[in-house]
Amino acid sequence: MSAVAPRLGAFNPASWRVRWPLWLELLLMGTTGGIQAAAYGADGLWWLQCLAVGVLAWRVSNLGHKPRRAALMGWVYASAWLGASVWWLYISIHDFGDLPAWMAATAVATLCGLLALYLALAMDAAQRVRMKPQNLVTGLPLKTREDAA
């Protein structure tokens, strides 16, 4: 076997982890959240939604043991996704509801930010389960393969 060809036992996906600065990860999450919203409006672009969710899963899985950072990434992703999806609420509130522009923008941003907490909590829970497998309902540890042996 040559020195260039890797051995089959040497396959280690953890070595593929790329550490990015926080600002770059948040920019990527905001962009992919907006891309997911763009997939709703155009015919034939359904695959963008799969790509956006895949990028979110890829970046969160590369974080290691950082549930707060995963929650932040999920919150930014969902905020951008929801903000790009419910922009029309601003028009409804401001133009037809006669609410001042700053109040309408604040209302829509607050709605998106609060709804994004669901995905943030899901990303946090996913990271915590990866760190220490446990039942999310009861909080009891799950049996792993090492426990059975």
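# Chat on salt bridges and helix packing

Biologist: What do the side chains of Arg59 and Glu25 do?

Modeller: They meet in a salt bridge, with N to O at 2.7 Å. Keep in mind that this is a predicted model.

Biologist: Where do Arg59 and Glu25 sit in the chain?

Modeller: Arg59 is in helix H2, residues 47–61, and Glu25 is in helix H1, residues 22–41. The two are 34 residues apart, so the pair links distant parts of the chain.

Biologist: Is Arg59 buried or exposed?

Modeller: Buried, at a relative accessible area of 0%.

Biologist: And Glu25, buried or exposed?

Modeller: Glu25 is buried as well, because its relative accessibility of 2% falls under the 20% cut-off.

Biologist: Which other residue forms a salt bridge with Glu25?

Modeller: Arg69, with the closest N and O atoms 3.2 Å apart. Arg69 belongs to helix H3, residues 67–85, while Glu25 is in H1, so this pair ties together parts that are 44 residues apart in sequence.

Biologist: How many salt bridges does the structure hold?

Modeller: Three. The one not yet mentioned joins Arg128 and Asp124, with the closest N and O atoms 2.9 Å apart.

Biologist: Where are Arg128 and Asp124?

Modeller: In helix H5, residues 101–131. They are four residues apart there, which means a separation of about one helical turn.

Biologist: How accessible are Arg128 and Asp124?

Modeller: Arg128 is partly exposed, with a relative accessible area of 39%. Asp124 has 16% and counts as buried.

Biologist: Which residues end up in one network through shared salt-bridge partners?

Modeller: Glu25, Arg59 and Arg69.

Biologist: Change of topic. At what angle do H3 and H5 pack?

Modeller: About 150°, with the axes 7 Å apart. The crossing is right-handed.

Biologist: Which residues make the contact?

Modeller: On the H3 side they include Ala70, Ala71, Gly74, Trp75, Tyr77, Ala78 and Leu82. On the H5 side, among them are Gly113, Ala116, Leu119, Ala120, Met123 and Gln127. Asp124 and Arg128, the salt-bridge pair in H5, also take part in the contact with H3.

Biologist: What is the make-up of the contact of H3 with H5 by class?

Modeller: It has 15 nonpolar, five polar and three charged residues.

Biologist: Tyr77 is on that list. Which residues does Thr32 touch?

Modeller: Thr32 touches Ala52, Val55 and Tyr77, leaving aside residues up to four places away in sequence. Thr32 lies in helix H1 and counts as buried at 6% relative accessibility.

Biologist: How many aromatic pairs are there?

Modeller: One. Trp20 and Trp58 are its members, in an edge-to-face arrangement at 5.6 Å centre to centre, with 85° between the planes.

Biologist: Why is the arrangement edge-to-face?

Modeller: Because the planes are 85° apart and the cut-off for edge-to-face is over 60 degrees.

Biologist: Where do Trp20 and Trp58 lie?

Modeller: Trp20 is in the segment before H1 and Trp58 is in helix H2, so the pair ties together parts that are 38 residues apart in sequence. Trp20 is partly exposed at 25% relative accessible area, and Trp58 is partly exposed at 39%.

Biologist: What about the backbone, then: what is phi of Asp98?

Modeller: Phi of Asp98 is near 55°, a positive value in a residue other than glycine. Most residues other than glycine have a negative phi.

Biologist: Where is Asp98 found?

Modeller: In the loop between helix H4, residues 88–96, and H5. Asp98 is exposed, with a relative accessible area of 66%.

Biologist: Last topic, the whole chain. How many helices and strands does the chain have?

Modeller: Six helices and zero strands. Read along the sequence, that gives α-α-α-α-α-α.

Biologist: What share of the chain do buried residues make up?

Modeller: 25% of the 149 residues.

Biologist: And what share of the contacts comes from residues 24 or more positions apart?

Modeller: 66% of the chain's contacts with a separation of 6 or more.

Technical notes: Residues numbered from 1 in each chain as written. Predicted model: local features only at pLDDT ≥ 70, side-chain atom pairs only at ≥ 80, totals over all residues. Heavy atoms only, no water. Salt bridge = Lys/Arg side-chain N within 4 Å of Asp/Glu carboxyl O. Buried < 20%, exposed > 50% of the residue type's maximum accessible area, 1.4 Å probe, protein only. Axes fitted to C-alpha atoms, helices over the stretch in contact; angles between N-to-C directions. Left-handed = near helix turned anticlockwise from the far one by under 90°. Contact = heavy atoms within 4.5 Å. Nonpolar A, V, L, I, M, F, W, Y, C, P; charged D, E, K, R; others polar. Phe/Tyr/Trp six-rings, centres within 6.5 Å; stacked < 30°, edge-to-face > 60°.
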